[in-house]
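Here's a quick tour of how the strands pair up in this one, with a look at the surface afterwards. Have the model open while you read.

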Amino acid sequence: MYIRQTTTQRKSDGTIYHTYRLVESTRIGNKVRQHTLLNLGSQYPVPREQWGVLTDRVDDILHHQRSLFSLESDIEAEAQRIAKKLIGRNREYSAIHEEQAGSDYRTVDVDTLQSSNLRSVGVEHIAYDALQALELDRKFAALGYNSIEQAAAIGTIIGRMAMPGSERSTHAWLQRESGLGELIDYDFDQCHLDRMYRVSDKLLKDKDILEAHLFNRESLLFNLDCTITLYDLTNTFFEGTARGNNLAAYGRSKEKRSDCPLVTLALVLDSSGFPRSSKVFAGNASEPLTLKEMVESLSTSASNPLIVMDAGIATEKNLTWLKD
């Protein structure tokens, strides 16, 4: 499959113009024949250097294959448009309808079934159901998120669950592969990438409120005891200089990358493994000194909470403070 440019001269005035066609080569015996699949018109906007990428993507769509690489949005949209037209014009098969007396049955040749723009919906449905059970969508509304921000926030969160990646990759997944938009009645094709970044910033700003809300809902749903059972830290590194991150600092990397700036990640879990609180510390933070800040930030009704930690945090000073 390829795009062919044809030069034509009008008989009336001798004007030369170009037309563009989507052509496929087929072998018949010992000969190769070309036949036109689709007339693309005389003013085709896709640059010639993108023709190969475009036709490869059309072929992927027709054979229900995912693209290995993210394409520009206009190329992806044009590939979807062409594939849809080709499927609609397929006359090779026809459905066989057979009515039986007294019944409304139909006989279908399964080889005639065609589909385009396939979307996943299974994991999205489960994740969205859990999100609603936790009343996270209602919390977004209570925090003042408008309908578009709510959709972007839900897309960001479920995207992290179903297909973990950056805002950019999540945005592409929502537009090209996921059926989440149909579930929440929102067209993610209308959602600009910048909105995904902005809603991530907003979620981070509301992190403490959202974490408290989630744990309260989980406690009600699963009848959890408010007991701290695990506190631990790890760190991760930046490949670049991370000059825009005030917490990035050099320290001892648990991934053997002490040559890179780090940030320290702290997490508190309850006895059932549900996260209670999280925090990002500076990359050179002293792990034992973070315990008091994290524990005091949690309101707990447990009169005698149990705290489990590793040896790096269980210093004599921390043990004395916990006992007191």
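## Hairpins, a sheet and a patch

Let's start at a turn: glycine 29 takes a positive phi near 65° in the hairpin of strand 2 and strand 3, which has two residues between the strands. Before going further, note that this is a predicted model, where local features need pLDDT of at least 70, side-chain atom pairs count only at pLDDT 80 or more, and totals for chains, interfaces and linings use all residues. Residues are numbered from 1 along each chain as its sequence is written, and side-chain values use heavy atoms, with hydrogens and water left out.

Helices (H or I, at least four residues) and strands (E, at least two) are DSSP runs, numbered from the N terminus; two strands pair if DSSP finds at least two bridges between them. The antiparallel pairings look like this:

| Strands | Bridges | Facing residues |
|---|---|---|
| strand 1 (residues 2–9) and strand 2 (residues 16–28) | eight | threonine 8 and tyrosine 17 |
| strand 2 and strand 3 (residues 31–41) | nine | arginine 21 and asparagine 39 |
| strand 4 and strand 5 (residues 262–270) | nine | tyrosine 231 and valine 268 |

The hairpin of strand 1 and strand 2 has six residues between the strands, and there glycine 14 has a positive phi near 80°.

Further along the chain, three strands make an open antiparallel sheet in the order 4-5-6. Strand 4 (228–237) and strand 6 (275–282) are its edges, each pairing on one side only. On average, neighbouring strands of this sheet are turned by 20° against each other, direction ignored. Axes here are lines fitted to C-alpha atoms, for helices over the stretch in contact, and angles run from 0 to 180 degrees between N-to-C directions.

Helix 9 (residues 207–222) packs on that sheet, touching strand 5 and strand 6, with its direction at about 155° to that of strand 6. Contact means heavy atoms within 4.5 Å. Helix 10 (residues 287–296) lies across strand 4, strand 5 and strand 6, and runs at about 135° to strand 6.

Now for the surface. Is leucine 113 buried or exposed? Leucine 113 is exposed, with a relative accessible area of 58% (exposed is over 50%, with a 1.4 Å probe and protein chains only). Leucine 113 sits in the loop between helix 2 (73–88) and helix 3 (122–133). Together with Val108 and Val110, Leu113 makes a nonpolar surface patch of about 300 Å². Such patches take residues with over 30% relative accessible area and no salt bridge, nonpolar side chains being joined within 5 Å; a salt bridge is a side-chain nitrogen of Lys or Arg within 4 Å of a carboxyl oxygen of Asp or Glu.

Notes. Patches are made of residues with over 30% relative accessible area and no salt bridge: like charges are joined within 9 Å, nonpolar side chains (Val, Leu, Ile, Met, Phe, Trp, Tyr) within 5 Å. Accessible areas come from the Shrake-Rupley method with a 1.4 Å probe; for residues, only the protein chains shown count as cover. Buried means under 20% relative accessible area, exposed over 50%, partly exposed in between (1.4 Å probe, protein chains only).
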